[in-house]
Amino acid sequence: MHPSHFSRPVWRRPPRVSFAGEAISAPERVDLAIVGGGLQGLSAAFAAARRGLSVRVIEARGLGEGASGLNGGQVIPGLKHDPDRLLRHFGERRGEALIDFASGTADAVFKLIQSEGLAVEHDRSGWIQAAHTPEAFTAAEERNRQWGARGADVTLLNGAEVALLTGAGGYVGGWLDRRAGTINPLAFVFELARLATEAGARIATGTRAVRLRRDGADWQIETTAGHPVSARSVVVATNAYSDGLVAGLARSLVPLHSFQMATAPLPPDLREVILPHGQAVSDSRRIVVYYRKSPDGRLVFGGRGRMAEPKSEKDWKHLQSAMIRLFPALDGVSVEHRWFGRVAVTPDHLPHIHAPEKGLLAVAGCQGRGVGLMTALGPRLVDYIETGDPAALPFPVSPIRPIPFYALREIGVGVTIAWYRMLDGLEG
Ligand SMILES: Cc1cc2nc3c(=O)[nH]c(=O)nc-3n(C[C@H](O)[C@H](O)[C@H](O)COP(=O)(O)OP(=O)(O)OC[C@H]3O[C@@H](n4cnc5c(N)ncnc54)[C@H](O)[C@@H]3O)c2cc1C
């Protein structure tokens, strides 16, 4: 059976939003060409078009068929690293600017939904990072302390409080970040595409960029539409789905599969005890599991999956076991949706911004936090394109560094995942 059979996301696009796109039917010249029509590409396209630039977006798949339409819809501010660590790593000035940016990424999503009146189901009830061991709780205390000291609306939770808010057993405690929330990610992608189009950007779906080369002061992109697109600037927003378009980019990332599933709508008695106040949750296991409720009351549960594409429903079995371990009452509740997508992890667990040549930008590596990050980053990329000022970017521009022993990485990550799973199992 073809793997796509299993890719049946639970998310629905907004009922009244139709999206036709605009094919590339002749050679074009624009100010800005964007390869990849996920949140990064669309957010940049919207910002650029609103500022009067001519914009062409080239997307290989259908709209929302990359990570941006497939994700868990958890809008979480911050980065994998805590603020103090970012300060140590980037120094006072750069570090503070980055922390400020990272702190506001969830704001960027919810403000856009509000200010543009987007038809995107959303709920800003916060995100719980739940600790499954005393060591993980110590880390949560520290994270809560650091963000709290910066004025973020965060609270430390004991085990009983986590149990009440999640309905799940076995957590030592955790912390609640009220800056965060949930959205319907597919609706957000479609609405962002609508905004970008209304602002004047043209979006071609089902069209792959196959070659990128310099052409005098411009860049020229060959596409599967058969017509080239020339542009003064190019943003390669292909992230975890990067191919060979920019030399070394795909090899600088570890693309992992994240698998998700959604139960049938929960019966009223379970709805009242599982995530009764609508928070999103990630837990502290090495192989993170994350969950939330959908607007129609299903439990949407995700985690790392196998490296290869799934072959059967059995490839979601580890997730189902994890879900029932946390929520024994869900044993017997049917799983109606299963799907998966790619996330890009970098060796330093930070997003990378590359500018390998003048007029060319590439951004990748969101470590599963891209909903807020990429939405907030779009306008910054456009600032940088317009001004050339590196201070416009939250992260320093870095060279593309292919990961050594690339050929072995999938095996390496596969072994690491099996090892982590075993440790997580031992810790309960
Ligand atoms: C299952 C899953 C769950 C996740 N859960 C969360 C979550 O709850 N919260 C969170 O913050 N993040 C989550 N993430 C991560 C988040 O979805 C991503 O970080 C984010 O969507 C990245 O956006 P993007 O626009 O950079 O990339 P994408 O949305 O992946 O877009 C890249 C696009 O580039 C296109 N492309 C690639 N090559 C070419 C080419 N040559 N020509 C044309 N187009 C090309 C691809 O088709 C793709 O659509 C999750 C990811 C997955 C897969």
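Which residues of β5 are buried on one side, and which on the other? Before you select anything, know that this is a predicted model: local features need pLDDT of at least 70, side-chain atom pairs count only at pLDDT 80 or more, and totals for chains, interfaces and linings use all residues. Residues are numbered from 1 along each chain as its sequence is written.

**Stop 1: strand β5**

Select residues 127–131, which make up β5. (Helices, H or I with at least four residues, and strands, E with at least two, are DSSP runs numbered from the N terminus.) Trp 127, Gln 129 and Ala 131 are buried on one side, and Ile 128 and Ala 130 are buried on the other. Here, buried is a matter of counting: 20 or more other C-beta atoms within 10 Å of a residue's own make it buried, 12 or fewer make it exposed, and anything in between is partly exposed, with C-beta atoms placed from the backbone. Since 5 of the 5 residues of β5 are buried, the strand is largely enclosed by the rest of the structure. As for the two sides, here is a handy rule: in a regular strand the side chains alternate between the two faces of the sheet.

Now add the partners of β5. (Two strands pair if DSSP finds at least two bridges between them.) β7 runs antiparallel to β5, joined by 5 bridges, and Ile 128 has Leu 176 as its bridge partner there. β14 runs parallel to β5, with 4 bridges; look for Ser 282 opposite Gln 129.

**Stop 2: helix α7**

Next, select 159–166. In this helix, α7, the buried residues are Val 162, Leu 165 and Thr 166. They sit on the same side of α7 because they cover an arc of only 85 degrees around the axis. (The arc is that of the directions from the helix axis to the C-beta atoms.) Why would that happen in a helix? An α-helix has 3.6 residues a turn, so residues three or four places apart point the same way.

Show β5, β6 (154–158), β7 (173–177) and β14 (280–283) too: they are among what covers the buried residues of α7. Contact here means that the C-beta atoms of two residues, placed from the backbone, lie within 7 Å. Right after the helix comes Gly 167, with a positive phi near 85 degrees.

**Stop 3: helix α10**

Select 317–326 for another helix with a buried side. Leu 319, Ala 322, Met 323 and Leu 326 are buried in α10. Their arc is only 100 degrees around the axis, which puts them on the same side of α10. Turn to the face away from that side and you'll meet the exposed residues Lys 317 and Ser 321. The cover over the buried residues includes β13, β15 (289–293) and β16 (299–304).

**Stop 4: strand β12 and its neighbours**

Jump to 229–236. β12 is mostly covered, with 6 of its 8 residues buried. Start with β1 (residues 28–35), which pairs with β12 in the parallel sense over 7 bridges. In that pairing, Ile 34 has Val 235 as its bridge partner. Val 235 also stands opposite Leu 361 in β19, a strand (residues 360–364) that pairs with β12 in the parallel sense over 3 bridges.

β11 (residues 218–223) runs antiparallel to β12, joined by 3 bridges, with Trp 219 opposite Ala 231. The two strands form a hairpin with 5 residues between them, and Gly 226 in the turn has a positive phi of about 90 degrees.

**Stop 5: the nonpolar core**

Keep Ile 34 on screen and add Ala 45. Both are among the residues with the most contacts inside the largest nonpolar core, which has 128 residues. (A nonpolar core is a set of buried Ala, Val, Leu, Ile, Met, Phe, Trp, Tyr and Cys residues joined through C-beta atoms within 7 Å.) Not counting residues up to four places away in sequence, Ala 45 touches Ile 34, Val 55, Val 57, Ala 196 and Ala 201.

**Stop 6: a loop residue**

Finish at Asp 82, in the loop between β3 (74–75) and α3 (83–90). Buried, exposed or in between? Asp 82 counts as partly exposed because it has 18 C-beta neighbours inside 10 Å. Leaving out residues up to four places away in sequence, Asp 82 touches Glu 142, Arg 143 and Gln 146. For a sense of scale, draw a distance from its C-alpha atom to that of Ala 45: the two are 30 Å apart, with these positions 37 residues apart along the chain.

Methods: Arc of directions from axis to C-beta.
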